[in-house]
Amino acid sequence: MKGIVLAGGSGTRLYPLTLSTSKQLLPIYDKPMIYYPLSVLMLAGIRDVLIISNERDLSGFRALFGDGSRLGMRIEYAVQPRPEGLVQAFLIGEEFIAGEPCALVLGDNIFYGGGLTDELRSVAEGRRGATVFASYVKDPERFGVVEFDDKMKAVSLEEKPLHPRSHYAVTGLYFYDNRVCELAYRVVPSERGELEITDLNRMYLEEGELSVRLLHRGSAWLDAGTMESLYRAGEFVRAVEQNQGLKIGALEEIAFLSGWIGREELAAAAQEFGKSEYGRYLSGVASRGLFVSEGFRDE
């Protein structure tokens, strides 16, 4: 399965912070924002990833990740000339996807919760249809909304409805089978002039091949696209990490516990980060190997 991180958009809601840099390069506590959505793809077992962004910001992502080899991955990059809806990611990434199943995660979304790794890997192993994740929110009119019947089976999808039929919002994490590019070409621009992901998901729903998984109450889904949510996301990550002593979204740790890199590569990464807290944390994982993090155990 291939993975895409959509890190486009102008970030106007975060001006002036994003006048000279990408929103996804802003810090969420101790790591750049993009670490968190990329970590979700890694937890799903996805090693081939395409990062899509505007031309100005791609150099920053390349500086962070290079070709991905230091994480045991293959990371490629593509330019989004202008944002025209989330479905555009599959048109831009068609050659990269190459007819395989694909997962898309938005570059400003953060996911956290017990059992998340098992859930992601289970979904990634599927080969037919589409799977999205939904979360209960107090302001569903801001999101794509899914309506369920009395057996909690999805029956409708609406994009930012004035009168939502439920409080369940579709999050920025989507898994699709190998037909996704074919169906993406059939999506018609909305009144907003965008290729809406809700319309793509509705195609799968109408075929009876859309699975909606609910994030349980112990999970967290954060959309860090506004100043307030950016601040709250940083506070959340800080609180969890300070309480547990474990990092959220530590890419090198996930790569190590997944068996994509060895202990020597992890130690080298720790040394590269120097005396920073992040570097010391990776050094501890490399030297002791006792952390149980993100659903993996280093035997």
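**View 1. E252 in the predicted model is a buried acidic residue of helix α9**. The relative accessible area of E252 is 0% in this predicted structure, and the residue sits in α9. Its side chain makes a polar contact of 2.8 Å with the side chain of R70. Leaving aside residues up to four places away in sequence, E252 touches Y35, R70, L71, I261, L266, A269, F273, Y278 and L282. One of these contacts, Y35, is itself a buried residue of α1.

**View 2. K247 lies in the loop between α8 and α9**. The flanking helices span residues 227-244 for α8 and 251-257 for α9. K247 has a relative accessible area of 5%, so it counts as buried, the cut-off being under 20%. The side chains of K247 and E277 are joined by a polar contact of 3.0 Å.

**View 3. Helix α1 is largely enclosed by the rest of the structure**. Of the 9 residues in α1, 9 are buried. They are Y35, Y36, P37, L38, S39, V40, L41, M42 and L43. G45, just after the helix, takes a positive phi of about 85°.

**View 4. The largest nonpolar core contains 64 residues**. Those with the most contacts inside this core are I28, L38, V49, I51, F65, L120 and F175. Helix α1 (residues 35-43) contributes the largest share, 7 residues. Another core, of 36 residues, lies apart from it and includes A78, A130, L183 and V212. In soluble globular proteins, nonpolar side chains tend to be buried together.

**View 5. L120 is among the residues with the most contacts inside the largest core**. Not counting residues up to four places away in sequence, L120 touches V40, L43, A44, F133, L173 and F175. Of these partners, V40 and L43 are buried residues of α1. F175 is also listed among the residues with the most contacts inside this core.

**View 6. Strand β11 is mostly covered and pairs with β6 and β8**. The strand spans residues 168-176, and 8 of its 9 residues are buried. With β6 (residues 102-106), β11 forms an antiparallel pair over 4 bridges; here A103 stands opposite F175. Strand β8 (residues 130-136) also runs antiparallel to β11, and 6 bridges join the two. On that side, S135 has A169 of β11 as its bridge partner.

**View 7. The largest pocket has a volume of about 950 Å³**. It is lined by 40 residues, of which R13, L86, L106, D108 and K160 are the closest to its centre. Strand β11 gives the most to the lining, with 4 residues. At least two residues each come from β9 (144-148), β10 (154-159), β11, α7 (197-206) and β13 (220-223).

**View 8. H216 is a partly exposed residue in the loop between β12 and β13**. Its relative accessibility is 44%, and the preceding strand, β12, covers residues 210-214. The side chain of H216 reaches the backbone oxygen of G114 at 3.2 Å. H216 and S135 are 81 residues apart in sequence, with a C-alpha to C-alpha distance of 7.7 Å. S135 is the residue bridged to A169 in β11.

Key: Residues numbered from 1 in each chain as written. Predicted model: local features only at pLDDT ≥ 70, side-chain atom pairs only at ≥ 80, totals over all residues. Heavy atoms only, no water. Core = buried A, V, L, I, M, F, W, Y, C linked by side-chain atoms within 4.5 Å. Buried < 20%, exposed > 50% of the residue type's maximum accessible area, 1.4 Å probe, protein only. Contact = heavy atoms within 4.5 Å. Pairing = 2+ DSSP bridges. Polar contact = N/O pair within 3.5 Å; in protein donor to acceptor, adjacent residues only side chain to side chain. 1 Å grid on protein atoms, 1.4 Å probe; cavity = no way out; pocket = protein on both sides within 12 Å on 5 of 7 lines; lining within 4 Å. Points joined across faces, edges and corners; volume = space filled by probe spheres on them.
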